[in-house]
Amino acid sequence: MAEERKSATTALSPHQSHNPGSFHAIRNRLSFTNGGGSISETAFAGRIGGNQEFVADDEELLKRQPDAAPISNIKDALRLDGFRNIELWRMAIIEGWGTFLLISCLGAGASGLTTLGPSTSQFAATLYAAAFNVIGLTLFIFSAAPASGGHLNPTITIATFFAGLCTLPRAILYVVAQCVGAIIGWYWLKLGLGDAFFPAGIIPGCTVDPTLVSPGQLFVLEYLFSQALIFTAFGVGLDPRQGKVFGPALSPVLVGFTLGFGTLASSLAKPGYTGICKHTYRSCLRLLFLEKIEGQCSADYRVSTTAFNSARCLGLMIAKGDMQYHYVHWLAASSAAMLNGLFYHFAPPYVRGKPRSAIVGVATGV
């Protein structure tokens with residue numbers, strides 16, 4: 001036992017043997033020995049829920065993968081040689097697979113909410129959706145973060161890019177993979193549910209009533225709630241100063257709660273808009289009269305499932321054949337991500353002017 005402990009210690013950086021951010025870099029990963037075996041840990045500053053503890057201080061690795069630690073200049077962030085990094089492609093595939101599973105599972109619940117009868121209150125549906133989002137997102141972050149960073153959401157990926165925690169090649173590969181995963185996920189769910197796939201034609205979390213909500217109002221609301229959720233997700237999931245408070249063991253749970261918070265905060269915001277990428281028809285009787293949904297009105301469509309994920313809406317709206325105002329989802333979320341990046345660089349969690357190794361030391365507590 002003593003020899004195994006010694007072996008594990010000697011594989012770590014001499015700065016701090018127990019810190020996962022100071023493990024030796026092997027290829028594009030961090031590696032340490034454990035009982036004679038080898039565990040591979042991805043070095044990625046933008047790992048959601050990791051609070052920048054899983055970063056590297058190996059100069060050779062940082063040359064190949066700049067976002068293995070917080071990126072200190074625009075040139076490194078925009079380097080295109082990352083497209084030749086096979087490891088990034090593997091991680092992007094995992095992002096797509098994780099998004100496929102997450103979107104399919106949450107989508108099944110969202111579809112079920114549209115069939116609730118009038119005896120179910122909107123508040124009860126909102127609580128169900130919030131709890132479902134918290135549990136689902138938390139579990140998937142825990143599952144995907146070690147392998148890919150656990151973004152599972154283009155908004156988070158774009159936000160980490162503008163904050164200097166993700167390179168452009170990784171951002172592009174991740175967003176494409178997330179969108180493809182979401183589209184396949186919704187078609188897969190549609191194949192399984194058949195006529196039960198959002199039977200009323202309503203897309204909860206993605207469409208609005210155009211007679212009650214204009215594109216401008218949709219942008220303002222989407223931007224507001226997206227900005228709030230990015231801010232809180234960064235605060236509990238990517239701020240290295242929080243590592244000393246709760247660390248990566250609790251951080252993914254708190255990130256999940258940010259989505260639940262968004263559901264509760266936005267679900268009753270405005271008639272015709274029930275939250276982040278939401279949809280409600282309060283004029284249900286009018287729609288019935290016009291036979292647009294053929295009698296399938298349930299609970300005034302008081303559906304309370306939040307999106308906070310442009311890929312989710314992209315896949316669902318393509319599968320349903322309704323792309324109404326979808327460009328607003330991307331525009332609002334991307335704008336929120338860019339402004340969050342400006343604030344992040346305005347008040348960074350590390351000391352300006354320090355060499356990159358010193359920044360890594362701040363992140364990992366060395």
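**Close-up views of a predicted model**

**View 1. The whole protein and its surface.** About 15700 Å² of the protein is exposed, and 67% of that comes from carbon and sulfur atoms (areas by the Shrake-Rupley method with a 1.4 Å probe; for residues, only the protein chains shown count as cover). This is a predicted model, where local features need pLDDT of at least 70, side-chain atom pairs count only at pLDDT 80 or more, and totals for chains, interfaces and linings use all residues. Residues are numbered from 1 along each chain as its sequence is written, and side-chain values use heavy atoms, with hydrogens and water left out. You'll find 13 helices and 3 strands here (DSSP runs numbered from the N terminus: helices are H or I, at least four residues; strands are E, at least two). Of the 366 residues, 55% count as buried (under 20% relative accessible area, 1.4 Å probe, protein chains only).

**View 2. Helix α12, residues 326–346.** This helix has 21 residues and spans 31 Å from first C-alpha to last, close to the expected 30 Å (1.5 Å times one less than its number of residues). Its buried residues include His326, Ala332, Asn340 and Tyr344. Among the elements covering the buried residues of α12 are α6 (154–162), α8 (215–237) and α11 (310–320).

**View 3. Gln52 and its partner on α12.** Gln52 sits in the loop between β3 (37–42) and α2 (59–64). Gln52 is buried, at 2% relative accessible area. Its side chain meets that of Tyr344 in a polar contact of 2.8 Å (a pair of N or O atoms within 3.5 Å; within protein, one must be able to donate a hydrogen and the other to accept it, and residues adjacent in sequence count only if both atoms are side-chain atoms).

Note on methods. Buried < 20%, exposed > 50% of the residue type's maximum accessible area, 1.4 Å probe, protein only. Contact = heavy atoms within 4.5 Å.
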